[in-house]
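Thank you for making the time this morning. I would like to walk you through one structure, slowly, and I would ask you to keep it on the screen while I talk.

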Amino acid sequence: MFKKKYVCIVGGAGHIGTPLGLALCSKGYNVILIDKHTENIKKINQGIMPFVEEGCAKLLRKMIKKKKIFATNKLDITKKCKYIIVCLGTPVDNKFNPNLKNFISFFYNLRNHLKKNHIVIIRSSIYPGICNKVFNIIKNHCKNLSYCPERIAQGKSLIELPQISQIISGKSVKARLESGKIFRKICKKIIYTKIIEAELIKLFSNAYRYINFSISNQFYLMCQNQGLDFYKIRNIMRDNYKRNTNIPTAGFTAGPCLLKDTMQLSSFYRHKFSLLSSAMSINEGLPKFMFKKLNEKYNLKNKTIGILGLSFKSENDDIRDSLSIKLLKYIKSKKIKTLQSDEYYKDKNNIDKNTVVKKSDIIIIATPHKAYKKMRISKNKILVDIWGLIEKK
Ligand SMILES: NC(=O)c1ccc[n+]([C@@H]2O[C@H](COP(=O)([O-])OP(=O)(O)OC[C@H]3O[C@@H](n4cnc5c(N)ncnc54)[C@H](O)[C@@H]3O)[C@@H](O)[C@H]2O)c1
């Protein structure tokens with residue numbers, strides 16, 4: 001017999017699973033994080049966060065001490081828990097179609113452990129229609145399947161979870177009500193939708209952001225080609241002109257979600273939604289464009305290029321699908337000397353940011369970590385500041 005206040009999170013040692021588990025146990029639930037990542041399981045059980053996520057390190061230490069949370073690789077422990085929340089990865093393949101092998105085969109395993117009163121909640125960002133597919137796999141064992149997409153920005157889970165409206169959809173009334181019950185404890189507002197609506201809300205949200213960033217990136221490219229300052233133009237566009245206030249900065253739009261979810265949506269539309277693929281070409285094309293521009297202007301052969309920031313976003317250590325890393329690899333492939341630094345991501349080749357600046361001819365701010373904002377970069381260095389991070393004196 002499972003216990004009501006017990007929640008299992010599969011993919012629990014991941015970037016979505018761990019913070020969600022911590023948020024739930026801070027509200028009185030007992031949480032079991034199920035994962036196959038042995039090293040991260042070990043770290044979590046020692047009270048060590050495996051990655052950077054604001055506020056989680058302290059909360060994890062506290063919850064481990066109180067024995068409210070632990071991690072394991074044993075799937076049969078689901079028999080203890082009423083709720084099973086699935087936060088597995090949902091990658092795309094090299095043709096930008098969903099690669100659901102691992103995700104789907106997990107449910108074939110899970111169904112052997114399911115009882116009819118379990119509440120199974122999918123939290124991952126999924127290709128539209130996948131909930132129905134999963135339901136067909138598990139329905140003879142359990143019919144309570146919900147889809148409640150995660151919508152936080154990585155690094156800000158604990159701050160954003162209580163603020164964001166939670167979308168809840170499900171195959172049965174019981175699944176919807178029970179999911180509402182658990183998420184009401186950690187979220188401000190619950191909105192019930194159909195499953196297909198919830199699936200699209202998640203993908204539309206990420207695709208919308210991805211396209212928005214690509215617009216600024218395209219403007220930035222145009223300014224570079226004209227020898228103009230994008231940030232001067234952007235500032236004037238926004239000055240006393242409300243309609244333009246939300247124009248994002250340019251920058252490396254990267255990470256494990258935005259591109260992937262835009263491509264899931266594109267695949268759903270048989271890759272005929274050209275705005276999505278154009279956004280991808282612009283955003284993913286930035287590192288090569290940047291290199292080409294520098295190469296046209298300077299003789300890079302004898303130059304040292306310093307990269308400041310390697311993670312895919314600021315104040316984070318995650319390098320998944322980082323364009324800073326892609327840029328670094330591209331420059332290296334051209335046999336040009338590079339130096340690298342990051343404030344969060346650890347790598348044996350990293351050196352201190354000030355040494356990078358001192359020893360490089362060209363400095364590229366690839367990730368806008370706050371620590372770079374006040375750096376003094378002498379006028380005789382070439383600075384590439386795509387994010388417009390460093391204030392001009
Ligand atoms: N990272 C984000 O900011 C974010 C935000 C919203 C939604 N999402 C979505 O959430 C999902 C998870 O993303 P993530 O960033 O947490 O990924 P992640 O790779 O950090 O976490 C996935 C975890 O699942 C584990 N895992 C893989 N296969 C397993 C299996 N068969 N059994 C048990 N554990 C297994 C992995 O070891 C990993 O720890 C994706 O669909 C993603 O699109 C992510």
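Before I place anything in a loop between a strand and a helix, let me say what those words cover here: helices, of at least four residues, and strands, of at least two, are DSSP runs, numbered from the N terminus. Please also keep in mind that what you see is a predicted model.

With that in hand, let me begin at the loop between strand 9 and helix 12, which is where Glu-315 sits. Glu-315 is not a glycine, and yet its phi is positive, at about 55°. Its relative accessible area is 22%, and as buried would require under 20%, Glu-315 is counted as partly exposed. Asp-321 has its place in the loop between strand 9 and helix 12 as well, and here too we find a positive phi in a residue other than glycine, this one near 50°. Asp-321 is partly exposed, with a relative accessibility of 40%.

Let me now move to the strands. Strand 9, residues 304-308, runs parallel to strand 11 and is joined to it by four bridges, and within that pairing Ile-307 stands opposite Ile-364. Strand 11 is also joined to strand 12, residues 382-384, by three bridges, and these two run parallel; there, Ile-364 has Val-384 as its bridge partner. What about the two faces of strand 11, which spans residues 362-365: are they covered or open? Both are covered, with Ile-362 and Ile-364 buried on one side and Ile-363 and Ile-365 buried on the other.

This brings us to the largest nonpolar core, which has 44 residues, and in which Phe-252, Ile-307 and Ile-364 are those with the most contacts. Several elements supply at least two residues each to this core, including helix 8, helix 9, helix 12, strand 9 and strand 11, while helix 11 gives the most, with six residues. If we look at Phe-252 and set aside its neighbours within four places in sequence, its contacts include Leu-286, Met-290, Phe-312, Leu-327 and Trp-387. Apart from this core lies another, of 36 residues, and among them are Ala-23, Ile-64, Ile-85 and Ile-190.

Next, I would like to pause at Val-357, which lies in helix 13 and is buried, at a relative accessible area of 8%. Beyond residues up to four places away in sequence, Val-357 touches Leu-308, Ile-363, Met-375, Arg-376, Ile-377 and Lys-381. Of these contacts, Leu-308 is 49 residues away from Val-357 in sequence, whereas the distance in space, C-alpha to C-alpha, is 8.6 Å.

Helix 10, residues 258-268, is mostly covered, since ten of its eleven residues are buried. Those buried residues include Lys-260 and Asp-261 as well as Leu-258 and Leu-259, and the buried residues of this helix pack against helix 8 and helix 11. Just after helix 10 comes Arg-270, with a positive phi of about 50°.

Finally, how many cavities of 30 Å³ or more does the count give? The count comes to one, and the largest cavity holds about 50 Å³ of space. Among the residues that line it are Arg-123, Glu-150, Ile-164, Gln-166 and Cys-187, and the lining as a whole divides into five nonpolar, two polar and three charged residues.

Definitions and conventions:
Residues numbered from 1 in each chain as written. Predicted model: local features only at pLDDT ≥ 70, side-chain atom pairs only at ≥ 80, totals over all residues. Heavy atoms only, no water. Buried < 20%, exposed > 50% of the residue type's maximum accessible area, 1.4 Å probe, protein only. Pairing = 2+ DSSP bridges. 1 Å grid on protein atoms, 1.4 Å probe; cavity = no way out; pocket = protein on both sides within 12 Å on 5 of 7 lines; lining within 4 Å. Points joined across faces, edges and corners; volume = space filled by probe spheres on them. Nonpolar A, V, L, I, M, F, W, Y, C, P; charged D, E, K, R; others polar. Core = buried A, V, L, I, M, F, W, Y, C linked by side-chain atoms within 4.5 Å. Contact = heavy atoms within 4.5 Å.
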